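Visitor: I have a structure open beside its sequence, and I would like to learn how to read it feature by feature. Could you take me through it slowly?

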Amino acid sequence: MEAAGYFDGIMYKAARNRPLSEPQRLVIRAISRFRCRAERAFGTLKRDHRMARARYLGAAKVGLQLLLDAMAFNLKKAVRMANT
């Protein structure tokens with residue numbers, strides 16, 4: 001993956017008696033700028049569209065639920081962006 005230009009996007013976490021090193025802190029700072037955008041969308045879907053748990057059984061129905069909720073999220077976002 002490194003040869004193709006991809007990098008590891010997993011954030012490091014400090015543990016008891018094992019603080020993060022300075023290079024790890026710099027990686028976290030660089031990654032967090034990009035992750036906050038995606039995590040904010042997932043958080044909004046979970047909070048406003050009750051996506052913490054699936055309402056239906058089966059991969060097809062759950063996939064359709066996610067698709068429709070994502071469409072509703074994007075439409076609401078487009079309206080907010082048009083009004084500003």
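Visitor: Let me start with charge in the interior: what is the nearest side chain of opposite charge to D69, and how far away is it?

Guide: Please keep in mind that this is a predicted model. For a charged residue, one looks at its burial and then at its possible partners. D69 is buried yet takes part in no salt bridge, and the nearest side chain of opposite charge is that of R55, 4.6 Å away. A salt bridge here requires a side-chain nitrogen of Lys or Arg within 4 Å of a carboxyl oxygen of Asp or Glu.

Visitor: Where is D69 found, and with which residues is D69 in contact?

Guide: D69 is found in helix α2, which covers residues 59-83. Once its neighbours within four places in sequence are left aside, D69 is in contact with L45, H49 and M51.

Visitor: How many salt bridges does a search of the whole structure find?

Guide: The search finds two salt bridges. One of them joins the side chains of E39 and R35, with a distance of 3.5 Å from N to O. These two residues lie four residues apart in helix α1, residues 22-48, so that about one helical turn separates E39 from R35. As for their surroundings, E39 is partly exposed with a relative accessible area of 43%, and R35 likewise counts as partly exposed at 33% relative accessibility.

Visitor: Which residue forms a salt bridge with R47, and how exposed are the two?

Guide: R47 forms a salt bridge with D48, and their closest N and O atoms are 3.2 Å apart. R47 counts as exposed at 58% relative accessibility, while D48 counts as partly exposed at 45%.

Visitor: How many positive and negative side chains does the chain have?

Guide: The chain has 18 positive and 6 negative side chains, and the centres of these two sets lie 8 Å apart.

Visitor: Now for a residue without charge: is Q65 buried or exposed, and what is in contact with Q65?

Guide: To read burial, one takes the relative accessible area and then looks at the contacts around the residue. Q65, which lies in helix α2, counts as buried at 6% relative accessibility, because buried means under 20%. Leaving aside its neighbours within four places in sequence, Q65 is in contact with M51, R53, A54, R55 and Y56.

Visitor: R53 is in that list of contacts. Where is R53 found, and is R53 buried or exposed?

Guide: R53 is found in the loop between α1 and α2, and at 70% relative accessibility R53 counts as exposed. Distance along the chain and distance in space are separate readings, and R53 offers an example of both: R53 and D8 are 45 residues apart in sequence, and their C-alpha atoms are 28 Å apart in space. A second pair is K76 and P23, which are 53 residues apart along the chain and whose C-alpha atoms are separated by 39 Å. Of these, K76 is found in helix α2 and counts as partly exposed at 45% relative accessibility.

Visitor: What should I look for in the backbone angles?

Guide: Most residues other than glycine have a negative phi. N17 has a positive phi of about 65° although it is not a glycine. N17 is found in the segment before α1 and counts as exposed at 74% relative accessibility. R50 also has a positive phi, near 50°, and is a residue other than glycine. The place of R50 is in the loop between α1 and α2, where R50 is exposed with a relative accessible area of 63%.

Visitor: Stepping back, how many helices and strands are there in the chain, and why is it described as more spread out than a compact globule?

Guide: The chain has two helices and zero strands. Its radius of gyration is 18 Å, well over the 12 Å that the globule rule gives for 84 residues, so the chain is more spread out than a compact globule. Along the principal axes, the C-alpha atoms fill a box of roughly 40 × 40 × 35 Å.

Visitor: What percentage of the residues are buried, and what does the accessible surface come to?

Guide: Buried residues make up 12% of the 84 residues. The accessible surface comes to about 7700 Å², of which 60% belongs to carbon and sulfur atoms. Among contacts between residues at least 6 apart in sequence, 27% join residues at least 24 apart.

Note on methods. Residues are numbered from 1 along each chain as its sequence is written. This is a predicted model: local features need pLDDT of at least 70, side-chain atom pairs count only at pLDDT 80 or more; totals for chains, interfaces and linings use all residues. Side-chain values use heavy atoms; hydrogens and water are left out. The radius of gyration is taken over C-alpha atoms; the globule rule is 2.2 Å times the number of residues to the power 0.38. Buried means under 20% relative accessible area, exposed over 50%, partly exposed in between (1.4 Å probe, protein chains only). Contact means heavy atoms within 4.5 Å. Accessible areas come from the Shrake-Rupley method with a 1.4 Å probe; for residues, only the protein chains shown count as cover. Lys and Arg count as positive and Asp and Glu as negative; His and the chain ends are not counted. The place of a charge is taken as NZ of Lys, CZ of Arg, CG of Asp or CD of Glu.
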